[in-house]
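Let's take a walk through this one together, starting from the inside. Keep the sequence and the 3D view open side by side as you read.

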Amino acid sequence: VHSGIDLSRFADGADGRLHELIGANPAVKLVGNVAALAPHKDLFTFIRMAQQIHARLPDVRFVLIGEGELKDKLERYANERGLGQALTFTGFRKDVERLLPELDGMAMTSRTEGLGTSILDAFAARVPVVATAAGGIPELIENERTGLLRPVGDDAALAEAVERILHDRELRDRLVEGASRKLQGFTRHATAVATLKEYQAGVAEGGGAAKTKSA
């Protein structure tokens, strides 16, 4: 049974607080990720990706939402690559559902991942997603249909995919609509229904086994 999310959390949409938080004009395009700053999220690849995009599109800003053991190393790594004010680390936030809708694209760079519920949040916020083909991510991201899928660790391919989303409105809209349809199978209600079916199947099997034994 897959994880599901509460879609009602995203009902209010964006209110401009992310742009305000990072000191950016509301018209500035944002690319981000919501993740623990931990090794398996491979955010060093995110930073290399951001460096390439920044070299070609210097007005784009990048945001990493989350906290974790690698924060200091990641900040140094970003500064060494000249990102400076182009990349903001927001730290842990309790208002992700109000921040996500302001992103023009989410880039998931994980090396390993269970399912990737942050991707589901992006789907709910109608944010197009670029992600690595790690773990369970391909169960959510169908390349060119619900998002763009790229190889693990390939910062150049990720940068190219993000730039496609930023430049191609038709592609962006198509991916968002595909993701919205996909999301219907990963809601809190869908998880509850699937879980109930599993319990009912287990009870039925148990009852059948009991009857066979008594017979």
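What follows goes from the nonpolar cores to one helix, and then to a few backbone angles. Bear in mind that this is a predicted model.

Start with the cores. As a rule, in soluble globular proteins nonpolar side chains tend to be buried together. Here, the largest nonpolar core has 33 residues. If you want to find your way into it, look for Leu100, Met106, Ile119, Phe123, Val129 and Ile141, the ones with the most contacts inside this core. Quite a few elements chip in at least two residues each: on the helix side there are α1 (17–22), α4 (96–99), α5 (117–124) and α7 (169–183), and on the strand side β1 (30–34), β2 (61–65), β4 (105–108) and β5 (129–132). The top contributor is α5, which gives five residues to this core.

Now zoom in on Ile141. Leaving aside residues up to four places away in sequence, Ile141 touches Ile119, Phe123, Val129 and Ala131, and also Thr146, Gly147, Leu148 and Leu149. There's a second core too, separate from that one, with 31 residues; among them are Val31, Ile47, Val60 and Phe89.

Next, turn to helix α3, residues 71–80. Which of its residues are buried? Leu74, Tyr77 and Ala78 are. They sit on the same side of α3, because they cover an arc of only 100° around the axis. The general helix geometry is handy here: an α-helix has 3.6 residues a turn, so residues three or four places apart point the same way. Covering the buried residues of α3 are, among others, α2 (43–56) and β3 (87–91). Flip to the other side of α3 and you'll find Asp72, Asn79 and Glu80 exposed.

Finally, have a look at the backbone. Just after α3 comes Gly82, with a positive phi of about 75°. Two residues that are not glycine have a positive phi as well. One is Asp42, with phi near 50°; you'll find Asp42 in the loop between β1 and α2. Is Asp42 buried or exposed? Its relative accessibility is 7%, so Asp42 counts as buried, the cut-off being under 20%. The other is Glu144, with a positive phi of about 70°, in the loop between β5 and β6 (148–150). Glu144 has a relative accessible area of 25%, so this residue is partly exposed.

Terms used
Residues numbered from 1 in each chain as written. Predicted model: local features only at pLDDT ≥ 70, side-chain atom pairs only at ≥ 80, totals over all residues. Heavy atoms only, no water. Core = buried A, V, L, I, M, F, W, Y, C linked by side-chain atoms within 4.5 Å. Buried < 20%, exposed > 50% of the residue type's maximum accessible area, 1.4 Å probe, protein only. Helix = DSSP H or I, 4+ residues; strand = E, 2+ residues; numbered from the N terminus. Contact = heavy atoms within 4.5 Å. Arc of directions from axis to C-beta.
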